[in-house]
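Reader: Could you take me on a close look at one part of this protein, please? I would love to hear about the strands and how they are arranged around one another.

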Amino acid sequence: MHDNKKAKITSKIKTTKAIIAAVAIMTIVSSAAVVLGIQTQMLQHVFAQTNSSGNGTAASGGAASSKPVMVSPSQTTNKEFWINTVHLDGATSLHAAVANPLSAQNTPLHPAEVPPANSTIPTGGGFRIVLPNKVGSWDFRSFTFAPDQIVVNQGDKVTLHFIGVLGVHHIITVNGVGTFALHRGEIHTVSFIANNPGSIRFWCSLHLPNMVGEILVLPKSV
Ligand SMILES: [Cu+2]
């Protein structure tokens, strides 16, 4: 091959290698920039949440120079909760290793179990024993709210969404706020300001004594 041609080919190969290297570097740099960009956005989001009463530098892009602040739920004065009406079923059978057709909860299958001869459960609709059916299955049920304990701060605006999940219906009272009926598949919302420290009880009058809950209102710190 002619020397001149050789030199041209060598030069072309060098140029191609240089282009490949440049593309590779650009790819790495742009990937890193994307990752850093995402991280910065996430940091800004966190700072924006925690710095709402601050000077706003973090939210406007000064995240790198801001000190990280722990997110504390107590910093908000709007408290919102979703409270389900539920029941727990102790489903079992008089016979060993027989499924209870009332409920899928008897899995894995259980040893034989008889209903208590002298039940100590209190009166009221909150607890219920369903005696053995013709195949020997029986069920002990307990109604409750989930969650049944809530903590807020004095002065918070509290919003409670009650959701009728289990139980045909409930008559629910939030002390000092109101009484309402709640059917399965419905949501009833109440909202109030927790003005006084202490305890606000809520209950279902159909399923006492155990279908009760409590909102603990912590005193405002001075
Ligand atoms: Cu109830």
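Author: Happily; here is a walk through the strands, with a stop at one tryptophan.

This is a predicted model, in which local features need pLDDT of at least 70, side-chain atom pairs count only at pLDDT 80 or more, and totals for chains, interfaces and linings use all residues. Residues are numbered from 1 along each chain as its sequence is written.

Let us start with the overall inventory. The protein chain has one helix and 10 strands; these are DSSP runs numbered from the N terminus, with helices being H or I of at least four residues and strands being E of at least two. Along the sequence the pattern reads α-β-β-β-β-β-β-β-β-β-β.

Now for the sheet itself. Five strands form an open sheet in the order E2-E3-E1-E5-E8, with mixed pairing; two strands pair if DSSP finds at least two bridges between them. Strand E2 (127-130) and strand E8 (187-193) stand at the edges with a single partner strand each, so one side of each is left without a neighbour in the sheet. From one strand to the next, the twist averages 20°, where axes are lines fitted to C-alpha atoms and angles run from 0 to 180 degrees between N-to-C directions. Within this sheet order, strand E1 (residues 78-93) and strand E5 (residues 157-164) run parallel and are joined by eight bridges. Asparagine 78 has lysine 157 in E5 as its bridge partner.

Strand E3 (residues 137-146) is where you will find tryptophan 138. Tryptophan 138 is partly exposed because 19 other C-beta atoms lie within 10 Å; a residue is buried with 20 or more such atoms within 10 Å of its own C-beta, exposed with 12 or fewer, and partly exposed in between, with C-beta atoms placed from the backbone. Leaving aside neighbours within four places in sequence, tryptophan 138 is in contact with Thr92, Pro115, Val130, Leu131 and Pro132, contact being C-beta atoms, placed from the backbone, within 7 Å. Between the C-alpha atoms of tryptophan 138 and aspartate 89, which are 49 residues apart along the chain, the separation is 9.9 Å.

Other strands pair as well. Strand E9 (residues 198-204) pairs with strand E6 (residues 169-174) in the antiparallel sense over three bridges, and cysteine 204 in E9 stands opposite isoleucine 172. E9 also runs antiparallel to strand E10 (residues 212-218), with six bridges joining them; here serine 199 stands opposite leucine 216 in E10.

Technical notes:
Two residues are in contact if their C-beta atoms, placed from the backbone, lie within 7 Å.
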